[in-house]
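The following exercises concern a ligand site and a single residue elsewhere in the text. Work through each task before reading its solution.

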Amino acid sequence: MDFLRIVGGKRLHGDVAISGAKNAALPLIASSILSKRVLTIDNLPHVKDIKTLLKLLQHLGANYKLIDNKAHIDTSMINSTTATYDIVRTMRASILVLGPLLARFGHCEVSLPGGCAIGERPIDLHLKALQQMGAQINIESGYVVAKAPQGLRGATIIFDKITVTGTENILMAAALAKGTTTIINAAKEPEVVQLCEVLQDSGVEIEGIGTDEIKITGTERELLNMKDFSVIPDRIEAGTYLCAGAITNSKIKIKNVIPQHLEAILVKLQQMGFEIDIDNSSITIHPASKISPIEIVTSEYPGFPTDMQAQFMALALMAEGASIIEERLFENRFMHASELRRFGAKIQLKGNIATVFGPTKLNGADVMATDLRASSALVLAALAADGTSNVHRIYHLDRGYENLEEKLQALGASVERLQE
Ligand code: EPZ
C-alpha cells in the first residue's frame, strides 16, 4: 500500500492548476446512459472514483475510451442493468446509475451502497422519490430492485433533507419520464447545476436551475441527443490547495477555478486574516500577519461545504485562539481529529461540535487516512508540522485528488509517494 512521506515546515510558492470536479463528473458520466449518441466529456480528473464509474458502465455493456482527460462514452450497447455489489461497495456514488437505468430500461438492480466512514448515508430519499414517479422498489439480498415497465411519470417530489446525489438521480430519471417532475428542496451545488445545464442543452426542458425548486419535463423515454461538454473545476480541490497555502503561511495562486463556487470558503479564509486576490479564473492567497480563530457550521451550498470541514480543522490549529466547528451534514465526520492529535493538536469533540485550540506547534508523525477529505487534512497538517510525517492509506486521497504529490512538489513541498 502507498503512503506519503512529507517533510513539513516549508513555505510554498507558485501556481497550481485545479482539475475537473469529481462530484460533477460522476453524475455527468451516469447521464451518458440517457444519451442516444456517443458522449464526449472533457476535463475529467484522473482519480479512482471516475475510473470506478467508467468500469461500472463497461460492466453494464457500455464502451468508453479515455484519452488524456477526455472520455468518449457509448452506452448504446448496454445489455445489463445490474450494478453489482463488488463495484458499488467500492464507491457509493455508483448509486447515480439507478435513476438513468430505471428511466431508460424500465428496470434495474443496484447494490445498496451501504454506509461509509463518515456516516450511514442512507438512500431512502432517492427511493421514495422514484416510487412517487411510479417505480416499484424492493430491497432483495442487499440490492435495490427497481421496476417501472411502463416508464416513469412526472411527480412533485419534496426532499425532506437536501440531498446532492438524490437530486441528481431524480433529475436524470425525470429527464426521460412522461410529464413534468417538480423537485422541491433540491440541492443547488454547482455540480447539480452543471448536470441541469447539460440536460437542458441536450433538449430537456428544465426551469429553476440553481434554485431549490426545479421543474423538468421528460421526453417519455426518447433518448437524449446529448451535447459534448467539459467538467467544471473542482471547488473542493481548489479550497484544499488554498488551505495548503494558508496553513504554511505562503503566497500561492490556484488557476482554472470559478471563484464564485468558493465564496463561503473565501469568506472564512478572509475572516481568519488571509488576504485573497480574485480574478475571473484564478485566486491568490497571501500570508496572514495574524491568523484568527474561526466559527464554522457546515451546510448545503452556498453555505460552508462539509467537504472542506476537515481541511479547516487542520488550518484552525494555526489560529491564535479557539475555533468552533459544527458538522451538520454527517454524523461521523470528525475522524481526522484523532489523527490530528498525533501531530500535537488540541481538539475537543462534543457530539457534532469540535473546539480546536491554537496556535499549536505541530510535530511530524505517522498518521492514517480514514476517508477522502480527512486524508487531505492530514496532508495539510504534515505540511505545517516540523519534521517528517508519513500519511498511510492514501488510497482514500487517490479517490478525489488528481496528481496530489506532483502538484504539491510543484508548489515547493517535500512530498514523496512510497510503498509500505
Ligand atoms: C454528496 O454526497 C457528495 N458526493 C459528498 O462528497 C458530499 O459530502 C455530500 O454530497 C454533501 O455535500 C458526491 O457528490 C458524489 P447527500 P451525497 O445525499 O449525495 C442524508 C466527497 O468527499 N441523506 O447530499 O451522498 C445524508 O445521510 C463526498 O467528495 C438521507 O438521509 O450526500 C446526509 O446526512 C463525501 N437520505 C445528508 O442527507 C438520503 O436518501 C446529505 O447527504 C440521502 C441523503
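**Exercise 1.** In this predicted model, determine which helices each supply at least two residues of the shell around the ligand, and then describe how the residues of that shell divide by character.

*Solution.* Begin with the helices: α1 (22-31), α5 (124-132), α6 (164-175) and α12 (372-384) each contribute at least two shell residues. Next, take the shell as a whole, in which 23 residues surround the ligand, the closest being L125, T163, T165, D307 and L329. Finally, sort the shell by residue character, which gives ten nonpolar, five polar and eight charged residues.

**Exercise 2.** Find what lies 3.1 Å, 2.4 Å and 3.4 Å from an oxygen atom of the ligand, and state what share of the ligand's accessible area the protein covers.

*Solution.* At 3.1 Å from a ligand oxygen atom there is a polar side-chain atom of R121. For L329, the atom in question belongs to the backbone, where an N or O atom lies 2.4 Å from an oxygen atom of the ligand. In R333, an N or O atom of the side chain is 3.4 Å from a ligand oxygen atom. As for cover, the ligand on its own has 830 Å² of accessible area, of which the protein covers 91%.

**Exercise 3.** Locate T182 in its strand, decide whether T182 is buried or exposed, and list the residues that T182 touches beyond four places away in sequence.

*Solution.* T182 belongs to strand β11, which spans residues 180-184. Its relative accessible area is 9%, and because buried means under 20%, T182 is classed as buried. Leaving out residues up to four places away in sequence, T182 touches A155, T156 and I157, together with E213, I214 and K215.

Notes
Residues numbered from 1 in each chain as written. Predicted model: local features only at pLDDT ≥ 70, side-chain atom pairs only at ≥ 80, totals over all residues. Heavy atoms only, no water. Near = heavy atom within 4 Å. Polar contact = N/O pair within 3.5 Å; in protein donor to acceptor, adjacent residues only side chain to side chain. Areas by Shrake-Rupley, 256 points an atom, 1.4 Å probe, with all protein chains shown as cover. Helix = DSSP H or I, 4+ residues; strand = E, 2+ residues; numbered from the N terminus. Nonpolar A, V, L, I, M, F, W, Y, C, P; charged D, E, K, R; others polar. Buried < 20%, exposed > 50% of the residue type's maximum accessible area, 1.4 Å probe, protein only. Contact = heavy atoms within 4.5 Å.
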